[in-house]
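Me: Please go through the helix packing and the sheet of the model shown here.

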Amino acid sequence: MASVDLNDRIPNNVDLASDRRLRRALEQWQPAFLDWWREMGPVAGAVPEVYLRTATSVDRSGWANFGYTRMPDYRWGVFLADPEPDRRIGFGDHKGEPVWQRVPGDYRAALRRLIVIQGDTEPASVEQQRHLGRTCPSGYDLRNLFQINVEEGRHLWAMVYLLHAHFGRDGREEAQALLERRSGDADRPRILTAFNERTPDWLALFMFTFLTDRDGKFQLYSLAESAFDPLARTCRFMLTEEAHHMFVGITGLSRVVQRTCEIMRDHGTDDVRRFGVIDLPTFQRYLNFHFSVTLDLFGAEVSTNAAAGYTSGLKGRFHETDIDDDHRLNAAGYLVLRWQDGAFRKVEVPALNALNERLRDDFIADVEVGVGRLNRVIRSFGVDFELTLPHVAFNRRVGAFAELDVTPQGAVIDAADWRAREEEWLPSASNRAYVASLMPEAITEPGRFANWIAPPSRGINHQAIDFEYVRLD
Ligand SMILES: [Fe+2]
Ligand SMILES: [Fe+2]
């Protein structure tokens with residue numbers, strides 16, 4: 001793959017130069033994007049220079065490109081993973097046929113919907129994280145936040161490219177609308193609920209990147225299987241960026257837990273707030289909250305929409321090609337958790353209808369690995385506390401459990417009891433105020449870290465931990 005010329009008005013590896021109509025459409029969208037970035041992108045104070053990576057090609061060596069960038073000068077562009085020669089559709093009714101380079105008329109509306117929903121999450125998370133630069137625990141963390149934000153901006157570009165290139169006038173309208181909705185706005189909210197929640201502090205950011213960016217990973221993996229090859233290729237490249245976002249999440253959470261456990265060990269106490277760190281029960285409540293709202297993103301347990309998306313080849317399963325079955329699923333079943341006759345029971349439903357649930361199960365297994373890692377940190381300090389994921393039916397708003405009031409342990413209780421005990425399980429206003437009180441200002445001096453978080457074990461791109469990751473004016 002030829003490398004990308006970052007001096008192009010729109011850096012790309014899709015030969016925009018030879019498609020005047022498309023190039024013009026994207027050049028018209030670009031100023032609207034930049035307006036959105038200025039209005040809703042990170043508040044960077046004095047516009048800093050940030051040590052960022054910028055893709056110059058989609059192969060591994062393309063990622064070696066690190067350097068100081070002024071945030072608004074970041075080179076957003078359109079990058080697709082290289083095409084696979086003779087790629088075939090891997091699942092559904094069209095299994096074995098060549099993948100599509102154009103959108104089949106029958107699937108146009110459904111494909112556009114998938115792209116718009118994915119695209120909408122990208123700017124939403126930037127909006128949610130807009131103010132966090134004011135309270136960063138270090139220049140290292142600020143750099144990571146900005147890296148995530150510019151890449152979410154690029155993910156928006158990725159989806160907008162598909163809309164402009166393949167969906168004509170309605171694609172252009174959708175691309176415009178992606179810049180008009182706003183996270184948390186009462187009149188023009190983002191499409192999915194979790195992307196309208198606030199991300200008010202850095203613990204919430206690390207939870208979000210650990211959990212909600214991980215939902216993104218699973219959605220992107222299933223779209224990377226798509227029969228619509230441009231979508232598959234764009235998602236495959238996005239996944240390489242997404243990995244860093246989840247790295248920021250798990251390492252951020254590990255560092256928080258580490259710092260708290262250091263205090264618990266050194267002072268022999270659970271009463272850590274007087275030492276200015278985050279107590280583990282508060283950490284657990286944040287985990288409960290972010291886990292439950294992220295589970296909702298996978299949709300209803302039983303979904304004919306998901307079935308249709310699969311049989312028509314639009315969206316596959318996580319690691320579809322590695323799964324040992326017929327990749328059509330017309331006869332297969334899948335066990336789905338249901339609340340039935342006073343108990344949670346696994347009930348077999350047609351596998352085709354259970355694709356959301358299956359993806360959610362894959363996600364949960366991945367999250368459990370991360371929680372295990374956090375618990376190992378806790379145990380390494382000899383601290384007697386175990387983080388756990390709440391029951392899947394806890395605090396749900398989407399799907400079969402939305403009507404139930406369930407404790408994190410999985411007991412169904414009545415609504416009034418649940419509300420009375422909610423603050424045991426979810427961050428209360430005073431929990432959030434405490435966490436926010438630890439982060440009164442931005443810390444950016446190289447090598448300095450806020451008291452509530454341990455420094456990372458290594459720097460970015462082999463740089464030292466006290467490297468100057470951001471340069472303020
Ligand atoms: Fe993204
Ligand atoms: Fe992300």
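Reply: Angles under 35 degrees count as roughly parallel, over 145 as roughly antiparallel, 65 to 115 as roughly perpendicular and the rest as oblique. Axes are lines fitted to C-alpha atoms, for helices over the stretch in contact, with angles from 0 to 180 degrees between N-to-C directions. The model is predicted: local features need pLDDT of at least 70, side-chain atom pairs 80 or more, while totals for chains, interfaces and linings use all residues. Residues are numbered from 1 along each chain as its sequence is written, with chains lettered from A and ligands numbered from 1 in the order written.

Me: How are α2 and α4 oriented to each other?
Reply: Helices (H or I, at least four residues) and strands (E, at least two) are DSSP runs, numbered from the N terminus. The axes of α2 (residues 108–128) and α4 (residues 168–178) come within 10 Å and cross at roughly 20 degrees. α2 and α4 are therefore roughly parallel.

Me: Which residues of α4 make the contact with α2?
Reply: Contact requires C-beta atoms, placed from the backbone, within 7 Å. From α2 come Arg112, Val116, Gly119, Asp120 and Pro123. Those of α4 are Asp170, Gly171, Glu174 and Leu178.

Me: Which are the edge strands of the open sheet with the order β2-β1-β5?
Reply: Strands pair if DSSP finds at least two bridges between them. The pairing in this sheet is antiparallel, and five bridges join β1 (residues 49–53) to β2. Pairing on one side only marks the edge strands, β2 (66–70) and β5 (470–471).

Terms used. Two residues are in contact if their C-beta atoms, placed from the backbone, lie within 7 Å.
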